Amino acid sequence: MSAILVAGIGNVFLGDDGFGVEVVRRLRERLAAGEWPALADCVEVADFGICGIDLCYALLDGVASAILVDAMQRGDAPGTLYVIEPSAGESAGDEATEPYALPVAMSPHEMDPARVLQTVRMLGGGCEDIVVLGCEPQDFGFEHGEEGRMGLSGPVAAAVEPATELTVKLVTARLERMSARAA
């Protein structure tokens, strides 16, 4: 396992919920093309989609930092990016702040980042540095009687490249902190 995990979260069949998956796809492409060579050995970029249990195991595997990329409704304009640091005191959900909450049943085909973090802590693991990079969705493909849809809305698609760049900045800052601590 790498020192830093970048985890794409979301369901590509539910419109803008596929935001995190698209960001990690773009990040992987650019890393494979040789951009940001200093990051290649230090970061694992993974598409977890809707598999919360897989993300739980990855976090239990001993990463120093985790950046979770996901669609997130907070009430701003579609495409707005958010950086939330639950490890710095800002909550990713009520469950994430309950240290003694009862165990929550977790389906292997469901993704609720707050439940994943709660489960990791409950199992005695933990990543001290967790960041959630969220994007305000426009829709999930249910708004007009549809049963979901593939593809991001215009505003969210336009946010993918800035989110990719922001992810690199978040990774770089964490690598610099790790390097300073080791020195």
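**Note on the predicted model: helix H1 and selected residues**

1. Gly79 is buried, with a relative accessible area of 18%. The cut-off for buried is under 20% relative accessible area, so Gly79 falls within that class at 18%. This glycine is found in the loop between S3 and S4. Leaving out residues up to four places away in sequence, Gly79 touches Cys135, Glu136, Pro155, Val156 and Ala159. The C-alpha atoms of Gly79 and Ser153 are separated by 8.9 Å, although their positions lie 74 residues apart along the chain, counted as a separation in sequence. The model is a predicted one, and this applies to every point below.

2. The overall plan of the protein comes next. The protein has 4 helices and 5 strands. Read from the N terminus on, the order of these elements is β-α-β-α-β-β-α-β-α. Of the 183 residues in the protein, 44% are buried. Among contacts between residues at least 6 apart in sequence, 78% join residues at least 24 apart.

3. Cys135 is one of the residues in contact with Gly79. Is Cys135 buried or exposed? Cys135 counts as buried, at 1% relative accessibility. Its place is in strand S5. Leaving aside neighbours within four places in sequence, the contacts of Cys135 include Asp70, Ala71, Met72, Gly79, Thr80, Leu81 and Tyr82. Phe19, Val156 and Ala159 are also among them. From Cys135 to Ala163 the sequence separation is 28 residues, and the C-alpha atoms are 8.4 Å apart in space.

4. Phe19, a contact of Cys135, brings us to helix H1, which covers residues 19–32. H1 has 14 residues, and the distance from its first C-alpha to its last is 20 Å, close to the 20 Å expected at 1.5 Å a residue. Its buried residues are Phe19, Gly20, Val21, Val23, Val24, Leu27, Arg30 and Leu31. Arg30 is worth a look here, as a charged residue in the buried list. An α-helix has 3.6 residues a turn, so residues three or four places apart point the same way.

5. Which elements do the buried residues of H1 pack against? They pack against strands S1 (4–9), S2 (43–49), S3 (65–71), S4 (81–84) and S5 (129–135), and against helix H4.

6. The pairing of H1 with H4 can be described in more detail. H4 spans residues 154–182, and the two helices pack at an angle of about 55 degrees with their axes 9 Å apart. H1 and H4 are therefore oblique to each other, and their crossing is right-handed. On the H1 side, the residues that meet H4 are Phe19, Glu22, Val23, Arg26, Leu27 and Arg30. On the H4 side they are Val156, Ala159, Val160, Glu161, Ala163, Thr164, Glu165, Thr167 and Val168. Sorted by class, this contact has 8 nonpolar, 2 polar and 5 charged residues.

7. Two residues that follow H1 have positive phi values. Gly34, just after H1, takes a phi of about 95 degrees. Trp36 has a phi near 55 degrees, which is a positive value in a residue other than glycine. Trp36 lies in the loop between H1 and S2. It is buried, with a relative accessible area of 19%.

8. On the other side of H1 in sequence, Val12 lies in the loop between S1 and H1. Val12 is partly exposed, with a relative accessible area of 31%. Setting aside neighbours within four places in sequence, Val12 is in contact with Gly18, Val21, Arg149, Met150 and Gly151. What is the separation of the C-alpha atoms of Val12 and Gly151? It is 7.0 Å, for residues 139 apart along the chain.

9. The last residue in this note is Ala66, in strand S3. Ala66 is buried, with a relative accessible area of 0%. Not counting residues up to four places away in sequence, Ala66 touches Leu5, Leu59, Cys127, Asp129, Ile130 and Val131. The C-alpha atoms of Ala66 and Val132 are separated by 8.3 Å, and the two residues are 66 apart along the chain.

Notes: Residues numbered from 1 in each chain as written. Predicted model: local features only at pLDDT ≥ 70, side-chain atom pairs only at ≥ 80, totals over all residues. Heavy atoms only, no water. Axes fitted to C-alpha atoms, helices over the stretch in contact; angles between N-to-C directions. Parallel < 35°, antiparallel > 145°, perpendicular 65-115°, else oblique. Left-handed = near helix turned anticlockwise from the far one by under 90°. Contact = heavy atoms within 4.5 Å. Expected span 1.5 Å × (residues − 1). Buried < 20%, exposed > 50% of the residue type's maximum accessible area, 1.4 Å probe, protein only.
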